Amino acid sequence: MSAVTEGGLLRPAPPDARRTSELGRYLDWLHERRGLDFADAGELWRWSVTDLSGFWGSVWDFFDVRTHSPYRAVLEDDRMPGARWFPGATLNYAEHAVGRARDARQVAILAYSQTRDPIELTFGDLAEQVGRARAGLRRLGVGRGDRVVAYLPNIPETVVAMLATASLGAVWAGCAPEFGVRSVVDRFAQLQPTVLLAVAAYRYGDREVDRRDDVAAIRAALPTLRHVVDVPYGNGSLPGTVGWAELLGTAEPLVFEPVPFDHPLYVLFSSGTTGRPKAIVHGHGGILVEHLKNLSLSWDLRPGDRLLWFTTTAWMLWNVLVSGLLVGAGTVLIDGNPLYPDLEEQWRLAAQTRATLVGASPGYLMACRKHGIEPARRFDLSALRQLGVAGSPLPLEGFVWVTERLGPDVLLNVGSGGTDLCTGIVAGSPMQPVWAGEMTGNLLGVDARAFDAAGNTIVGELGELVITRPMPSMPVGFWNDPGDALYRAAYFERYPGVWCHGDWIRYTERGSCVITGRSDATLNRGGVRLGTAEFYRVVEEFAEVVDSLVVHLEDPDGGPGELLLFIVADDGATVDDALRDRLVRALRTNLSPRHVPDVIHAVTSIPRSRTGKKLEVPVKRILLGMAPDAAASRGALLDPASLDQFTGWSPRGSAAP
């Protein structure tokens with residue numbers, strides 16, 4: 001299998017997928033209840049984007065969305081931006097997570113932490129704690145429309161507090177406690193919150209991290225705060241606060257505030273690596289129907305399943321993890337260093353929790369490959385049905401490694417989406433094949449395409465990733481954005497009436513696709529465009545290279561400009577002329593002579609956002625003379641000092657190796 005080339009068939013759709021999957025159950029329901037029959041997944045997708053009302057109305061009914069008042073129409077206005085979904089309906093996201101009839105003894109949360117012992121909550125435990133937290137927030141004066149913010153790790157208390165906030169019709173926003181003060185204030189200050197929940201400390205691997213001074217500084221910078229809740233975690237406590245036990249001190253019946261479909265549920269923030277983070281508002285109804293659809297029909301989750309995907313509370317995948325509760329799946333929470341005590345820990349937890357869907361980043365999988373990890377041989381992964389991959393492009397070699405190591409019974413579901421939509425755009429499903437090096441195609445209800453500069457749909461070549469028809473989980477808007485001016489500029493300025501996502505994508509004739517990176521980081525030399533992911537695929541195959549970043553500095557006079565490659569060497573390796581020569585030969589052979597770097601330079605670390613994305617654009621701005629603090633918010637970086645390596649170093653005029 002190691003000889004498979006891009007586009008080769010890695011895994012055919014299993015012949016029993018229609019009978020055994022949630023997608024098959026949905027197709028049977030469409031036949032029985034709607035009289036609709038579709039020959040295959042492609043035909044189903046075409047219907048889902050041509051008959052938006054029919055498709056999303058069927059999602060609503062198939063999942064039995066509970067409303068307190070009915071909707072007038074599924075889609076009243078399909079213009080973008082401004083589409084009107086399910087007007088008249090009132091509902092509550094939290095009611096579907098913890099207020100539906102389920103076996104109260106079934107496990108809802110399994111939490112693993114380097115700070116304290118594991119915790120397990122059943123759906124009954126979770127509902128009781130949400131009810132108590134709801135009562136506590138009400139005593140603190142929280143009501144519909146108020147903002148509750150959290151400086152909390154990925155622990156059960158965070159899930160409880162978020163659902164309690166949602167049950168009141170209040171608005172939630174969170175930051176992981178590894179964020180610095182400035183990054184937190186840049187986000188939370190936009191919302192003028194009334195309550196902050198925080199921890200005093202936590203452990204990251206074997207290191208204790210004290211956050212008491214940071215919490216004090218955040219409190220001082222948020223004048224609208226009326227209360228701070230101290231969630232006990234790690235050593236120490238926060239003075240002058242309401243204790244978590246006090247917040248949960250009174251049991252009350254768990255009820256849910258009915259809110260309109262587009263009432264704000266939570267605010268997610270853009271990475272903040274290129275300016276003040278955008279405060280992206282997501283609504284109760286849009287998130288509810290989108291996550292029900294995606295987690296069930298693509299991820300194939302059902303009651304009793306287990307969902308494990310390492311994330312922090314700063315990434316939209318945390319919000320998706322919580323939505324596992326919507327379909328009755330147990331959610332595995334992991335807090336701390338995901339590589340502690342070793343590279344096998346996530347596989348170890350997958351076996352221990354009997355996870356049915358495990359999510360991983362491409363970087364983690366490629367590290368496992370490089371270090372010879374054998375997950376299925378070392379651990380009992382017999383419960384595993386899917387491996388989800390997202391966050392950045394997965395190289396072809398990663399596709400092959402996963403398929404060889406996990407076997408044909410595990411679906412490799414590589415997808416891409418974003419914080420902006422809080423869901424996926426492209427991915428696979430149990431009823432579709434897996435093609436080597438490619439994502440299977442558009443998700444149901446997502447009319448995504450590649451556009452050229454003139455706004456024409458293109459196939460077989462790189463273009464801008466766009467969405468031409470509305471989706472329910474498109475943001476309600478940005479917080480405090482009169483007239484939606486910033487929102488329109490962010491997504492609809494380049495192609496009026498069409499969502500422009502900012503990724504560079506190539507579709508094949510069969511509908512599968514390859515995303516090669518952010519479109520604003522695309523390498524364009526001599527008219528030949530190349531995504532950065534294709535570049536990294538070649539460079540990071542070298543055993544001596546741990547990480548890399550490539551930047552193209554354009555020539556304003558139309559020349560080739562300069563292509564700069566920065567690499568982090570593995571322990572014991574040296575970035576010498578011999579390694580440079582080998583890298584040059586590999587890039588010339590595998591890509592093109594135009595994409596041979598003019599400079600190959602060693603650095604100690606590559607700037608990445610806290611969700612692991614490489615920051616090509618901020619580095620490019622620094623190389624062109626911008627101050628690091630103006631190019632990116634340090635608090636949004638995994639390693640805030642990583643930007644300083646690119647200051648005061650002028651590559652212009654350097655000779656190619």
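Two strands pair if DSSP finds at least two bridges between them. Helices (H or I, at least four residues) and strands (E, at least two) are DSSP runs, and both are numbered from the N terminus. What you see above is a predicted model, where local features need pLDDT of at least 70 and side-chain atom pairs count only at pLDDT 80 or more, while totals for chains, interfaces and linings use all residues. Residues are numbered from 1 along each chain as its sequence is written, and side-chain values use heavy atoms, with hydrogens and water left out.

I start with strand 29. Strand 29 covers residues 499-507, and nine of its nine residues are buried, so the strand is largely enclosed by the rest of the structure. Buried means under 20% relative accessible area, exposed means over 50%, and partly exposed is in between, with a 1.4 Å probe and protein chains only. Strand 27 (residues 463-467) runs antiparallel to strand 29, and four bridges join them. In that pairing, glutamate 464 is opposite tryptophan 504. Strand 30 (residues 513-518) is also antiparallel to strand 29, over five bridges. Here aspartate 503 has arginine 518 as its bridge partner. The hairpin of strands 29 and 30 has five residues between the strands, and glycine 511 in it takes a positive phi near 95°.

Glycine 511 comes up again at the second largest pocket. A pocket is found on a 1 Å grid over the protein atoms alone: it is an open set of points where a 1.4 Å probe fits, with protein on both sides within 12 Å along at least five of seven lines, and lining residues have an atom within 4 Å of a point. Its volume is about 700 Å³, taken as the space filled by probe spheres set on the points, which are joined across faces, edges and corners. The lining has 37 residues, and those nearest the centre are Trp45, Gln432, Gly441, Asn442 and Gly511. Which element gives the largest share of this lining? Helix 3 does, with five residues. By class, the lining has 17 nonpolar, 13 polar and seven charged residues. For these classes, Ala, Val, Leu, Ile, Met, Phe, Trp, Tyr, Cys and Pro count as nonpolar, Asp, Glu, Lys and Arg as charged, and the others, Gly among them, as polar.

Asn442 leads to the next sheet. It is an open sheet of three strands in the order 22-23-25, with antiparallel pairing. Strand 22 (416-418) and strand 25 are at the edges with a single partner strand each, so one side of each has no neighbour in the sheet. Strand 23 (residues 423-427) pairs with strand 25 over two bridges, and valine 426 is opposite asparagine 442.

Now the cysteines. A disulfide here is a pair of cysteine sulfur atoms within 2.5 Å, and by this rule the count is zero. For cysteine 513, the nearest cysteine sulfur is that of cysteine 500, 16 Å away. Cysteine 513 is buried, with a relative accessible area of 0%, and cysteine 368 is buried, also at 0%.

Last, two neighbours in sequence. Threonine 20 is in helix 1 and is partly exposed at 37% relative accessibility. Serine 21 lies in the loop between helix 1 (17-20) and helix 2 (22-34). Is serine 21 buried or exposed? At 3% relative accessibility, serine 21 is buried. Leaving out residues up to four places away in sequence, serine 21 touches Asp300, Arg302, Pro430 and Met431, where contact means heavy atoms within 4.5 Å.
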